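Subject: Structure handover

Hello,

Here is the structure for you to look through. My notes follow below it.

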Amino acid sequence: MAAIGKNIRRLIPAGVILIVLTAFCIFTSQWREYLLKNYFLYEPEYCVQLLLLPVILLLGGWLLMQLLKIFMKLKPLTGRAAALLFYPVLAVIIFYFICVLPFCIEMMHFFVSFLIQVRAGNSVDSSLIGNLFPEFIRLQSENFVFFYMSGLFGSSVFRSLVWFLCGMALWNRPRFVMPSRRGTTP
């Protein structure tokens with residue numbers, strides 16, 4: 001029983017992060033909706049959809065598997081099978097965030113610049129807001145986001161399920177056992 005308590009205590013930081021991110025998402029939803037309806041400012045909503053929700057779902061899937069390991073004595077895959085599951089999923093996740101990050105940074109840069117101009121009482125001229133990334137990177141990132149938000153991943157339920165399953169797969173990281181040196185000659 002003491003081992004269960006120790007394992008659960010190790011998961012508390014992940015649980016707190018999950019709760020804080022989820023609460024942030026919930027408490028800012030009306031504000032994001034207000035910006036979208038009244039000012040056609042969709043930048044915060046896109047950033048939540050593209051960055052925050054995937055992180056929440058990844059963490060939720062990982063945390064669920066950790067709890068199943070503790071309470072249901074679930075055993076992870078080992079060796080080659082674990083590597084064949086873990087590394088491709090990790091590569092896809094890293095690729096996704098590398099592709100989406102420039103788009104979200106540009107969006108939030110535009111949003112903050114817009115708010116500064118409005119707050120200063122200036123008329124807003126979006127053409128005066130500079131870009132942070134070279135055109136090639138911006139276009140590739142925009143194309144990736146367009147593909148992600150439409151096409152195969154157009155359904156938010158499907159996207160959510162994929163992220164949750166990826167979080168579950170990340171739990172199963174490879175654990176390689178070092179071979180024994182017993183019986184070998186120098």
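Which helix gives the most to the lining of the largest pocket? Helix 4 does, with 5 residues. Helices here are DSSP runs (H or I, at least four residues), numbered from the N terminus. A pocket is an open set of points on a 1 Å grid over the protein atoms alone, where a 1.4 Å probe fits, with protein on both sides within 12 Å along at least five of seven lines. Lining residues have an atom within 4 Å of a point.

This is a predicted model: local features need pLDDT of at least 70, side-chain atom pairs count only at pLDDT 80 or more, and totals for chains, interfaces and linings use all residues. Residues are numbered from 1 along each chain as its sequence is written, and side-chain values use heavy atoms, without hydrogens and water.

Back to the pocket. Its lining has 14 residues, and Glu-106, Met-107, Asn-131, Arg-138 and Glu-142 are the closest to its centre. Helix 4 (79-119) and helix 5 (135-149) each supply at least two lining residues.

Next, helix 1. Helix 1 bends by about 40° at Ile-12, and Pro-13 follows within four residues. The bend is the angle between axes fitted to the seven residues ending there and the seven starting there.

Now two loop residues. Phe-40 sits between helix 2 and helix 3, and its phi is near 55°. Lys-73 sits between helix 3 and helix 4, with a positive phi of about 55°. Most residues other than glycine have a negative phi. Phe-40 is exposed (over 50% relative accessible area, 1.4 Å probe, protein chains only), at 65%. Lys-73 is exposed too, at 55%.

Best wishes

Key. Buried < 20%, exposed > 50% of the residue type's maximum accessible area, 1.4 Å probe, protein only.
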